[in-house]
2 protein chains.
Amino acid sequence: MRRDSRLSGVLHVLLHMAQQPGPFTSETLARAMDTNPVVIRRIMAGLRDLGYVSSEKGHGGGWMLACDLSKVTLRDVYAALGSPSLLAMGNRTEAPGCLVEQAVNAALDQAFHDAEALLLRRLGEVTLAMLGEDLRKRLGPRKIHDISAHRA
Amino acid sequence: MRRDSRLSGVLHVLLHMAQQPGPFTSETLARAMDTNPVVIRRIMAGLRDLGYVSSEKGHGGGWMLACDLSKVTLRDVYAALGSPSLLAMGNRTEAPGCLVEQAVNAALDQAFHDAEALLLRRLGEVTLAMLGEDLRKRLGPRKIHDISAHRA
DNA sequence: AATTATGTAACATATAAAGTTACATGAGAC
DNA sequence: GTCTCATGTAACTTTATATGTTACATAATT
């Protein structure tokens, strides 16, 4: 597939989890995200390792939030995914012998680095709690739908 | 392959072309870039359409620079490639009905947009002539090698 | 007319995200 | 203790896209 949407996906999951008590099975979360339970487990694994969520097996098991939402930023979540590349473009050759290519790389690297740094800074400025606040504003009087409720 | 290296590649080509008189065949440029002539034609097509380079068929034909290098920025070259996506990440769903996902998208979009804008601004600040200047500094007393000269 | 070079379509390859299947493991229900 | 539910994970499939390659048409020079 084209662009990496794991960050978008996992944030969607976390924000849903913050709206109602857990736990949530991978099955439930996958249904809400219109994807596969294994995909959910895959993207949640990194967050569990860092203690942002916890998981329990067996009856009554599933995923639970395990962090202070005001302490975790989008950048933290990004890091939990393994810090995948942010930019779609890169240099043709990383350490070229050709001086011409070195000049090109130097110019591009600076621009790329600046853009990556800004993006990381912006992600670091937004906490999960802030996302939740924004969501409440969008909801207004409406009530969030219960993602755990499902038709057989 | 992983990251888009067309911008890096085409800049490399242009900077080589600026170092010696043309024209250059796709074959010559491909050899210098360690790639295929068709790849060269493909990435040069957009630049030709915008008048940055010209191409001639037949004997003595090939590619020539056709612009003032101090007037063309890296951003212009990027645009000539068709402005491919800059970021490797994106939203899972562009226009979601889910308010939760809308909140996530809004936060990510702002960060993504800021980073893209900065990258474009940086690319717009560097002209091909500036790249040439930087190259001359790197070369020092050395002479650039003639990419047209090749062993049979 | 032969040669050289671009222009382009069509096909092949490589990589990575996303989706799927299969099965092992652990925890509660009975 | 056994059954059921849920995660953990490996392996495989699918899809998208950049890149590489082959083939051949077209145009310009010799």
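Student: Which element gives the largest share of the surface near DNA strand C?

Tutor: In this predicted model, the elements that give two or more residues to that surface have to be compared, and a residue counts as near when one of its heavy atoms lies within 4 Å of the strand. A backbone N or O atom of Gly58(B), for instance, lies 3.5 Å from a sugar or linking oxygen of DNA strand C. The elements with two or more residues there are helix H3 (37–49) of chain A, together with helix H3 (37–49), strand E1 (53–56) and strand E2 (62–65) of chain B. The largest share, 4 residues, comes from H3(B).

Student: What percentage of the atoms of DNA strand C within 4 Å of the protein belong to sugar or phosphate?

Tutor: Both parts of the strand are approached by side chains of chain A: an N or O atom of the Arg6(A) side chain is 3.1 Å from a phosphate oxygen, while one in the side chain of Lys57(A) is 3.3 Å from a base oxygen. Taking the atoms of DNA strand C within 4 Å of the protein, the bases account for what is left once sugar and phosphate are counted, and the sugar or phosphate part is 62%.

Student: How many charged residues does the surface near DNA strand C have?

Tutor: There are 28 residues around DNA strand C, and those that come nearest are Ser5(A), Thr35(A), Ser26(B), Arg41(B) and Arg48(B). Sorted by class, this surface has 7 nonpolar and 11 polar residues, and the number of charged ones is 10.

Student: Which residue has a side-chain N or O atom 2.7 Å from a phosphate oxygen of DNA strand D?

Tutor: Of the 29 residues around DNA strand D, the nearest are Ser26(A), Arg41(A), Arg48(A), Ser5(B) and Thr35(B), and sugar and phosphate make up 66% of the strand's atoms that come within 4 Å of the protein. From chain A, the side chains of Arg41(A) and Trp63(A) each place an N or O atom 3.4 Å from a phosphate oxygen of this strand. The 2.7 Å distance to a phosphate oxygen belongs to the side chain of Thr35(B).

Student: Which element gives the largest share of the surface near DNA strand D?

Tutor: At least two residues of this surface are supplied by each of H3, strand E1 (53–56) and strand E2 (62–65) of chain A, and by H3 of chain B. The largest share amounts to 4 residues, and the element is H3(A).

Student: How much area do chain A and chain B bury between them?

Tutor: The size of an interface is often given as the accessible area lost when the parts come together. Here 49 residues of chain A are in contact with 48 residues of chain B. Carbon and sulfur atoms carry 71% of the buried area, which is about 4,500 Å².

Student: Which residue of chain A forms a salt bridge with Asp114(B)?

Tutor: Between chain A and chain B there are 18 residue pairs in polar contact, and the count of salt bridges is 2. In one of these salt bridges, the closest N and O atoms are 2.6 Å apart, and the partner of Asp114(B) is Arg122(A).

Student: Which element supplies the largest share of the side of chain A that touches chain B?

Tutor: Helices H1 (6–17), H4 (74–80), H5 (99–125) and H6 (128–139) of chain A each give two or more residues to that side, which by class has 29 nonpolar, 10 polar and 10 charged residues. The largest share is 19 residues, and it comes from H5(A).

Note on methods: Residues numbered from 1 in each chain as written. Chains lettered and ligands numbered in written order. Predicted model: local features only at pLDDT ≥ 70, side-chain atom pairs only at ≥ 80, totals over all residues. Heavy atoms only, no water. Polar contact = N/O pair within 3.5 Å; in protein donor to acceptor, adjacent residues only side chain to side chain. Nonpolar A, V, L, I, M, F, W, Y, C, P; charged D, E, K, R; others polar. Contact = heavy atoms within 4.5 Å. Buried area = accessible area lost by both parts, 1.4 Å probe. Salt bridge = Lys/Arg side-chain N within 4 Å of Asp/Glu carboxyl O.
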